[in-house]
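Colleague: I should be grateful for a guided discussion of this protein. May I put my questions to you one by one?

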Amino acid sequence: VMRDAHGIRPAYYYIDDVSVEKVPCPALSDSELILCLGEQATLIAKTEYSSFQYPSIQWIDMANPGEVFSTNKEITLIPDYSMSFKVINYDDCDTGPLEGSVKVVVNPVPSVSFGTDLILCDGDVKILDGGEGFAGYQWQDGTTSRYYPVDSTGEYSVVIINEFNCDATDTISIQFNEIPLVDLGSDLVICNDFYPVSAGNH
């Protein structure tokens, strides 16, 4: 250990200034989610900083603004109609409560129905109709027209797509049966006698 001429060990002191400043909470981001009816939505309270976590969140359904819909950072729902939410952060921020909004747009799905399965006769042709006014049609073999002619036994299906890019599908089974044959024989001439005629065993 080093000492000076008087036998005293020198001491060293370091002084630094540290300034602590509270950083304002990042704003909640506005967002919009587009769904088809029946789809599940997962809504997350997001900020401009993905790593920031708000400890106190309230979701307010703007259709019922006097009630708190949820206090979770993330909510999952299957909405039947379009909804708008206000997201409020009640954390201790210098700027006070911060708000954002989330809009959930629910678009309608199309509808298609072929009815019950069919039994037809050989030689018949069934025209399947995918419906009027849709943006797209996709049949089981890749055909993309609205109408599909059927003349053989099988299962037939179509996927229809509307202007919102929502889809629906239906399937039908069609069976074609052989037409039975009947033979009454040659023409006959009889005189006041009874002659039985059979149409066969079909």
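Modeller: The model is a predicted one. In it, Y156 has a relative accessible area of 8% and is buried, because buried means under 20%.

Colleague: Which aromatic residue pairs with Y156, and is the pair stacked, edge-to-face or tilted?

Modeller: The partner of Y156 is Y148, and the two ring centres are 5.9 Å apart. Their planes stand at 50°, so the pair is tilted. Y148 counts as buried too, because its relative accessibility is 11%. The name and the class asked for are therefore Y148 and tilted.

Colleague: Which residues belong to the cluster that ring pairs build around Y148 and Y156?

Modeller: The structure holds six aromatic pairs. Ring pairs join Y148 and Y156 with two further residues into a cluster. Its members are F114, W139, Y148 and Y156.

Colleague: What is the angle between the ring planes of F134 and Y137?

Modeller: F134 and Y137 form an aromatic pair with centres 6.2 Å apart. The pair is classed as edge-to-face, a class that applies to planes over 60 degrees apart. The angle between these planes is 75°.

Colleague: Is F134 buried or partly exposed, and what is its relative accessibility?

Modeller: Its partner Y137 is buried, with a relative accessible area of 12%. F134 lies on the other side of the 20% limit and so counts as partly exposed. The relative accessibility of F134 is 21%.

Colleague: Where does T171 lie, and how far is its C-alpha atom from that of Y156?

Modeller: T171 is found in strand β12. Along the chain, T171 and Y156 are 15 residues apart. Beyond its neighbours within four places in sequence, T171 is in contact with F114, E155, Y156 and S157. The C-alpha atoms of T171 and Y156 are separated by 5.6 Å.

Colleague: Is T171 buried, partly exposed or exposed?

Modeller: The relative accessible area of T171 is 40%. The class of partly exposed runs between 20% and 50%, so this value falls within it. T171 is partly exposed.

Colleague: How many helices and how many strands does the protein have?

Modeller: From the N terminus on, every element in the order is a β element, in the run β-β-β-β-β-β-β-β-β-β-β-β. The protein accordingly has zero helices and 12 strands.

Colleague: Which two cysteines form a disulfide, and how far apart are their sulfur atoms?

Modeller: The count comes to one disulfide. The cysteines that form it are C36 and C166. Their sulfur atoms are 2.0 Å apart, which meets the limit of 2.5 Å.

Colleague: How many residues separate C36 and C166 along the chain?

Modeller: The disulfide of C36 and C166 links distant parts of the chain. C36 lies in strand β1 (residues 31–36), whereas C166 lies in the loop between β11 (154–161) and β12 (167–177). C36 is buried, and so is C166. The two cysteines are 130 residues apart.

Colleague: Is this disulfide left-handed or right-handed?

Modeller: The answer rests on the torsion about the S-S bond of C36 and C166, which is about -95°. With that torsion, the disulfide is left-handed.

Colleague: Which residue of strand β6 is in contact with both C36 and C166?

Modeller: Strand β6 covers residues 98–107, and N107 lies in it. Leaving aside its neighbours within four places in sequence, N107 is in contact with I34, L35, C36, L37, F164 and C166. It counts as buried, because its relative accessibility is 11%. The residue asked for is N107.

Colleague: What is the phi of N165, and is N165 buried or exposed?

Modeller: N165 has its place in the loop between β11 and β12. Its relative accessible area is 60%, so N165 is exposed. Phi of N165 is positive, in a residue other than glycine, and is near 65°.

Colleague: Which backbone nitrogen lies 3.1 Å from a polar atom of the S70 side chain?

Modeller: S70 is placed in the loop between β3 (57–61) and β4 (74–77). It is buried, with a relative accessible area of 11%. Leaving aside its neighbours within four places in sequence, S70 is in contact with I57, Q58, W59 and I75. The backbone nitrogen at 3.1 Å belongs to N72.

Terms used:
Residues are numbered from 1 along each chain as its sequence is written. This is a predicted model: local features need pLDDT of at least 70, side-chain atom pairs count only at pLDDT 80 or more; totals for chains, interfaces and linings use all residues. Side-chain values use heavy atoms; hydrogens and water are left out. Helices (H or I, at least four residues) and strands (E, at least two) are DSSP runs, numbered from the N terminus. Buried means under 20% relative accessible area, exposed over 50%, partly exposed in between (1.4 Å probe, protein chains only). Contact means heavy atoms within 4.5 Å. Rings of Phe, Tyr and Trp (its six-membered ring) pair if their centres lie within 6.5 Å; planes under 30 degrees apart count as stacked, over 60 as edge-to-face and the rest as tilted. A polar contact is a pair of N or O atoms within 3.5 Å; within protein, one must be able to donate a hydrogen and the other to accept it, and residues adjacent in sequence count only if both atoms are side-chain atoms.
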